[in-house]
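Q: I am learning to read protein structures, and I would like a close look at one part of this one before moving on to others. Please take it slowly and explain how the pieces fit together.

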Amino acid sequence: MSDEGATHCILSISSAIPPNAMKVYSGEHLRCVALPLGGIGTGTISICGDGSLRQWEIVNQVNHQGYVPQSFFAVRVQPPRGRAVAKVLQMPPLPPLSSPPCQGGEGGGAASVSDHLVPDELRELMDDLPGVEAVEFVGEYPIAQLTYKDDALPVAVKCECFSPFVPLNEKDSGLPAIVFIFSAHNPTEQTLSVSFLATLQNFVGWDNVSLIRENENFGYGGNRNTVLSLNGWTAIEMRNDRLPHDAPTYGTVCLATLNAGATFIAEWEELESLWDDFVHDGRLSDAASGQPSPTWETWNGALCVPLTVEPHTTQDAKFLLCWHFPNRYVNWTQPGGIIKDQKSKFYLGNAYNNHFGSALAVAEYVRDHFDRLVGDTRKFRETFYDSTLPSPLLDAVTSQASIIRTPTGMWVEDGTFHAFEGCHGASTGGADRVGGCCPLNCTHVWNYEMSLAALFPALERTMRRTDLLVQMREDGSIPHRTIVPEYLPRLWGDIGGPRHHALDGMLGAVLKTYREFRKCGDVAWLANLAPSLRKLMDYIMRTFDAQGDGVIRGEQPNTYDIHTYGSNTFIGTLYLAALRAMEEMAKIVARDGAADPNVYRERFEQGRVNYDRLCWNGEYFINNFDAPGEPPETYNQRNCWGPGCHADQLLGQWWAHELDLGYLLPEAHVKSALQAIMRYNFRENFIGFKQDPRQFASEHDRGLLICTWPHGGRPESPILYCDEVWTGIEYEVAALLLWEGFVEDALKIVQAVRDRYDGRERNPWNEVECGDHYARAMSSWTLLTAASGFRYNAHAASIAFAPRLVAQNEFKSFFIAADGWGTFAQRTTTRQQTATLEVKHGTLTLKQLTLQRARKSRQATEVAATVAGRKTAVKVKVEGNDVTIEFRRPVTAREGERIDVSM
């Protein structure tokens with residue numbers, strides 16, 4: 001490890017940056033690929049590496065192994081002469097790993113994951129019908145692109161599928177809908193007839209848990225499929241007339257095509273009959289009875305789109321899969337024994353109920369806004385990946401942003417966003433593999449989440465309202481788990497994970513509130529929360545900082561499901577950052593009765609000196625067991641790490657960099673501690689090392705351990721989870737390394753994570769911890785902000801960039817502000833440095849832009865700025881290596897416009 005370039009100067013490390021090209025998953029790397037499709041709070045269906053739709057989780061329940069059979073796509077190609085060729089657009093399931101990479105795997109896969117498991121019904125489908133020979137999969141979230149390989153097909157067939165995803169647009173990003181665009185390219189000299197088939201089971205009445213055998217399930221009966229052909233489109237609306245309107249499984253489903261001339265079968269039962277009908281002439285019989293299905297049975301519905309593809313042209317078939325299951329109830333056990341009668345149903349509903357009354361209405365909305373929804377989704381993907389940043393970093397950011405729209409999160413009818421820690425699965429063990437893990441809104445795990453806050457800040461603000469206006473106890477404390485609906489009693493007693501209210505979660509509530517304010521700039525919003533913030537911080541300072549010297553020494557309940565004792569910088573830096581954030585917020589909402597910012601500043605200054613004195617060992621920060629009133633045996637009860645090197649020891653500094661709060665501890669010590677974490681906690685493999693109690697890496701993998709004891713002194717019973725590998729911590733450390741200029745080390749960690757989740761053993765879109773799609777992994781968003789040195793303050797209308805990764809004197813990356821997003825680009829020559837902010841969506845209003853001079857030896861002798869091509873007057877302020885351009889009056893760039901600066 002080297003500390004060369006450990007500076008805030010722009011670094012040119014082109015040799016360390018792999019080319020930014022689409023990653024193609026093929027062969028064995030398709031085994032675990034499962035990209036979740038679905039809107040915010042709608043549940044998901046995953047498009048998998050073999051081309052199948054699996055992990056059906058859209059009936060308001062979490063079940064990673066949920067599967068709806070007899071639902072697939074197919075293609076038929078008819079040349080002018082000769083026999084037609086028909087294929088299901090799936091490849092045969094891959095065999096399990098020949099040698100499991102680690103103990104504890106299920107079905108020949110890696111430990112703690114289940115994405116490789118193939119349902120028996122799917123295997124039977126591929127035994128009965130011909131599939132394609134191979135699939136190539138490109139996933140740049142939110143879009144999956146599949147290429148189907150088969151020498152028997154005379155056309156090149158591809159699929160682009162996604163659910164609309166538009167940052168800052170919650171409604172369109174929360175549609176319970178998936179778009180499938182199949183294309184057929186004809187490379188021959190002959191005109192070809194091509195037909196695409198889409199078939200879907202009417203699964204209304206299914207509980208999203210029980211097994212469906214062919215078209216039979218105990219929830220079926222009374223299912224009815226209705227065909228509608230109107231305005232050039234065809235849809236099959238699916239419902240269940242037997243269900244009462246308040247049933248948890250009540251709802252509708254819709255399969256539609258936007259292509260004219262589609263044919264259909266509204267009700268089919270026998271797979272062989274459907275296939276014969278399709279293969280015969282590439283059309284379906286337009287049969288529809290409108291009858292309800294028998295008891296315990298349902299119908300399948302199918303649409304067929306016939307296309308004529310001229311030589312060397314491409315034609316598309318566009319399908320929609322939409323759903324509407326309005327009755328979300330609390331279907332998990334709420335902690336703390338709050339609900340005595342578990343038979344009671346507590347209604348939450350879904351946010352999409354406020355806009356749509358049925359799946360058909362959803363499909364009509366997507367149809368009517370199709371070009372905009374497709375265009376905006378593609379624009380986000382293209383803008384994000386049009387970057388000089390390395391592909392592993394970009395993939396780490398977008399892949400984990402998918403967690404927002406998995407069943408980990410729920411957007412309920414009253415408009416609030418709530419979430420589990422993750423989804424029950426192989427990593428949670430035992431028989432309970434259905435439902436969300438560790439409900440709800442766990443403040444300490446969600447301390448690491450940054451993706452929702454960046455992409456959909458309005459939803460994140462609802463979580464702050466819950467924290468500070470709903471959850472807060474009279475004494476100012478906040479329990480780390482939320483009970484819903486909010487009219488129910490709160491959790492004032494023991495909770496679990498940890499037992500008492502998590503201190504790191506309470507400190508995080510302060511930091512997250514300041515983050516949300518910086519992103520929206522709404523002073524009235526902040527002022528509404530200010531009394532609760534002051535009450536919370538008064539409680540923390542009074543209860544935990546009893547000596548008043550800025551150091552927390554006693555019991556510290558936290559995200560490791562334990563109560564740490566003694567001064568340490570894991571909790572300590574969060575405290576210092578929270579004090580700084582309170583100081584800044586107190587300045588903004590200062591009025592009669594408001595908190596005095598000087599109180600927080602003075603405590604911060606004391607704490608930063610004392611933490612460095614108590615915890616610095618000359619190389620990194622330790623856990624000093626100076627807990628008042630605690631017996632010595634407390635140290636050895638899985639609570640402490642003593643002289644160990646803890647990967648999370650600078651968590652608050654990570655927050656401070658994101659919030660532009662400066663250094664919490666001496667800069668040199670921060671850099672040294674980061675180097676120690678990399679030196680001692682990063683492993684090139686895990687051969688001979690026991691990961692305990694859970695295993696998240698294979699023996700041949702690389703990764704970052706939670707804690708190590710490089711100089712001895714490991715407690716007999718050290719902090720829980722110390723011997724595990726968590727991607728949420730790895731991304732946090734990697735982002736800190738980027739902020740501090742240790743670029744190659746940061747990329748090494750990121751590459752190690754993406755190598756573990758490369759599709760062969762684990763799913764690139766499902767990083768696990770205590771459950772699938774674990775929220776902590778959304779710390780990956782800060783890889784982007786750290787790499788670009790991005791700091792944004794909506795209240796001040798200011799943006800700053802200080803890129804850490806520059807390729808050939810150029811830098812380009814995605815940015816997002818309060819009302820718009822786009823691309824920041826910077827280019828440096830021997831004579832000039834230019835920067836461009838191009839708005840791709842919404843608007844951007846600025847009062848000042850701060851850039852970092854790429855060359856220390858150069859002075860900013862002349863600065864020119866234009867907005868939408870019009871020259872604008874600026875003032876320039878130079879501080880060290882930073883150049884701040886202040887506009888004479890605020891400027892606004894709209895979609896398609898640019899702000900250009902040259903100096």
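Where does Pro498 lie, and what can be said about the surroundings of that place and about other parts of the chain?

A: This is a predicted model, so every value below should be read as belonging to that prediction. Pro498 lies in the loop between H8 and H9, where H8 covers residues 457–470 and H9 covers residues 503–520. Pro498 is joined to Gly497 by a cis peptide bond, with an omega of about -5 degrees.

The loop between H8 and H9 also holds His501. Because a residue counts as buried when its relative accessible area is under 20%, His501 with its 9% is buried. Leaving aside residues up to four places away in sequence, His501 touches Arg473, Ser477, Ile478, Pro479, His480, Leu491, Trp492, Gly493, Ile495, Met506 and Pro557. Gly713, on the other hand, is 212 residues from His501 along the chain, and the C-alpha atoms of the two are separated by 29 Å.

Turning from the loop to helix H8 itself, we find Glu460 there, and this residue is buried, with a relative accessible area of 1%. Glu460 touches Glu449, Leu452, Ala453, Arg515 and Glu516, when residues up to four places away in sequence are not counted.

A second cis peptide bond can be set beside the one at Pro498: Tyr141 and Pro142 are joined in this way, with an omega of about 15 degrees. Pro142 is placed in the loop between strand E7 (134–140) and strand E8 (143–149).

Backbone angles draw attention to other residues as well. Cys438 is not a glycine, yet it has a positive phi of about 60 degrees; it lies in the loop between strand E21 (436–437) and helix H7 (451–455), and it is partly exposed, with a relative accessible area of 22%. Gln55, although it is not a glycine, has a positive phi of about 55 degrees, but Gln55 is found in strand E4 and is buried, with a relative accessible area of 4%.

Strand E4 leads us to the sheets. An open sheet of three strands has the order E2-E3-E4, and its pairing is antiparallel. Strand E2 (34–37) and strand E4 (53–57) stand at the edges with a single partner strand each, so one side of each has no neighbour in the sheet. On average, and ignoring direction, neighbouring strands of this sheet are turned by 25 degrees against each other. E2 and strand E3 (residues 44–48) pair over four bridges in the antiparallel sense, and the bridge partner of Leu35 in E3 is Ile47.

Another open sheet is made of five strands in the order E6-E5-E11-E16-E15, again with antiparallel pairing. Its edge strands, each of which pairs on one side only, are E6 (85–88) and E15 (263–268). Within this sheet, strand E5 (residues 72–78) pairs with E6 over four bridges, and Ala74 stands opposite Val88 in E6. Helix H3 (residues 271–281) packs on the sheet and touches E5, E6, E11, E15 and E16, while its direction makes about 30 degrees with that of E5.

A hairpin gives a further example of antiparallel pairing: strand E12 (residues 223–230) and strand E13 (residues 233–240) are paired over eight bridges. Two residues stand between these strands, and Asn231 in the turn has a positive phi of about 55 degrees. Leu230 stands opposite Trp233 in E13.

Helices can be followed in a similar way. Helix H4 (residues 359–368) is mostly covered, since seven of its 10 residues are buried, among them Leu360, Tyr365 and Arg367. The axes of helix H15 (residues 727–739) and helix H16 (residues 743–756) come within 7 Å and cross at roughly 155 degrees. Because angles over 145 degrees count as roughly antiparallel, H15 and H16 are described as roughly antiparallel to each other, and H15 passes H16 in a left-handed crossing. In this contact, residues of H15 including Tyr731, Val733 and Leu737 meet residues of H16, including Ile749, Val750 and Arg754. The residues of the contact of H15 with H16 divide into 10 nonpolar, one polar and four charged.

Note on methods:
Residues are numbered from 1 along each chain as its sequence is written. This is a predicted model: local features need pLDDT of at least 70, side-chain atom pairs count only at pLDDT 80 or more; totals for chains, interfaces and linings use all residues. Side-chain values use heavy atoms; hydrogens and water are left out. Axes are lines fitted to C-alpha atoms, for helices over the stretch in contact, and angles run from 0 to 180 degrees between N-to-C directions. Angles under 35 degrees count as roughly parallel, over 145 as roughly antiparallel, 65 to 115 as roughly perpendicular and the rest as oblique. A crossing is left-handed if the near helix is turned anticlockwise from the far one by less than a right angle, and right-handed if clockwise. Contact means heavy atoms within 4.5 Å. Ala, Val, Leu, Ile, Met, Phe, Trp, Tyr, Cys and Pro count as nonpolar, Asp, Glu, Lys and Arg as charged, and the others, Gly among them, as polar. Two strands pair if DSSP finds at least two bridges between them. Buried means under 20% relative accessible area, exposed over 50%, partly exposed in between (1.4 Å probe, protein chains only).
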